[in-house]
Amino acid sequence: MRLLARHAIRLLGQENPAGEVASISRGAIRLKATTGYLNLATASVQPLEPEKQVQRKNSPLTDSFGRHHTYLRISLTERCNLRCDYCMPADGVPLQPKNKLLTTEEILRLARIFVEQGVRKIRLTGGEPTVRRDIVEIVAQMKALPELEQVGITTNGLVLTRLLLPLQRAGLDNLNISLDTLKRDRFEKITRRKGWERVIAGIDLAVQLGYRPKVNCVLMRDFNEDEICDFVEFTRDRPVDVRFIEYMPFSGNKWHTERLISYKDTLQIIRQSWPDFKALPNGPNDTSKAYAVPGFKGQVGFITSMTEHFCGTCNRLRLTADGNIKVCLFGNKEFSLRDAMRDESVSEEQLVDLIGAAVQRKKKQHAGMLNLSQMENRPMILIGG
């Protein structure tokens, strides 16, 4: 602890881009974020299965509410080849210089460290991860990590017809494809770019290659609510999982309550056309409430972040492209692992301690949607979808 305290004074004693400074209190290190303190004291956890209790209780990936985090989302880039208005402000975002972003080696090192601590699933996000020229190699390197069970990707699908086969050969386990409309003109309106046909072709290719892709659709009133049943129909002959995502507030996306279409409203609309639309079993850490129309090849899910949060079973952590660990999508506290890694005096054990300290700061649940709309947070493109 004394060694870690000396390191915290040296490394975090000045303000960094995430707004962190360090201070020392008796018996524990406290890392100050933009709005609070991060305490390195050991946290208590809720009882778990007997054979896993000691291991998980002592894990840096277990937070103070007993949630064990086995899922890491890594943003590979801040760049994107689309300009979706709920993700990126109309005037764009200031991109950081290359030396502020994680290198490929740093990404792979952090992935290894998280896996050694208990992460079993990694999803690569962005920006748009497929703009990375080394995306295939990154997937292959991560699949070589002995204890990692799944590597997935979230993509807008524009270049899947070119990249998906190499990605599959590299070991890609699953993919999420963002698509908010089944109409070409609307696609161009919301993304401010062309390419709808290529996204549909990418979805169909994924099915042909044996994947069961998830199609993520952000629902917005007065934009695509009239396509809800069209998306359900999309699952009739395709083994895809269409997931309706409640519109969420992020900096620059001009969020307001009136544009939100709730899960219950969407469910009611669907059941007007398919009264037998039924709920399916969900896993303990699923963010999506699963449903299906009997006889359809695919299914439908609802991600209800705004109206029915799932914070109590959250097992996800995020790593931004500039190397900050973000323990909650809606939280505005971040802590730089990049700076720690680039300090030669910081050991890997100390880096793990810093990860654990950040996890300990995770709150029981995120704020209500009205409070979220008033909180400063990164635009979605700079977080990683």
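Strands are DSSP runs of E with at least two residues, numbered from the N terminus. The exercises below concern a predicted model.

**Exercise 1.** Determine in which strand Ser75 lies, whether Ser75 is buried or exposed, and which backbone oxygen lies 3.3 Å from a polar atom of its side chain.

*Solution.*
1. Ser75 belongs to strand 4, which spans residues 71-75.
2. The relative accessibility of Ser75 is 2%. Buried means under 20%, so Ser75 counts as buried.
3. The oxygen in question is the backbone oxygen of Thr77, 3.3 Å from a polar atom of the Ser75 side chain.

**Exercise 2.** Identify which residue meets Arg112 in a salt bridge, and where the two partners lie.

*Solution.*
1. The side chain of Arg112 meets that of Glu348, with an N to O distance of 2.9 Å.
2. This pair links distant parts of the chain: Arg112 is in helix 3 (residues 104-117) and Glu348 in helix 11 (residues 348-360), 236 residues apart.
3. Arg112 has a relative accessibility of 27% and therefore counts as partly exposed; Glu348, at 28%, is also partly exposed.

**Exercise 3.** Classify the two partners of the salt bridge between Arg132 and Asp134 as buried or partly exposed, and state which residues are joined into one network by salt bridges that share partners.

*Solution.*
1. The side chains of Arg132 and Asp134 meet at 2.9 Å, N to O.
2. Arg132 counts as buried because its relative accessibility is 13%, whereas Asp134, at 22%, counts as partly exposed.
3. Shared partners join Arg109, Arg112, Glu116 and Glu348 into one network of salt bridges.
4. The structure holds 19 salt bridges.

Notes. Residues are numbered from 1 along each chain as its sequence is written. This is a predicted model: local features need pLDDT of at least 70, side-chain atom pairs count only at pLDDT 80 or more; totals for chains, interfaces and linings use all residues. Side-chain values use heavy atoms; hydrogens and water are left out. Helices (H or I, at least four residues) and strands (E, at least two) are DSSP runs, numbered from the N terminus. Buried means under 20% relative accessible area, exposed over 50%, partly exposed in between (1.4 Å probe, protein chains only). A polar contact is a pair of N or O atoms within 3.5 Å; within protein, one must be able to donate a hydrogen and the other to accept it, and residues adjacent in sequence count only if both atoms are side-chain atoms. A salt bridge is a side-chain nitrogen of Lys or Arg within 4 Å of a carboxyl oxygen of Asp or Glu.
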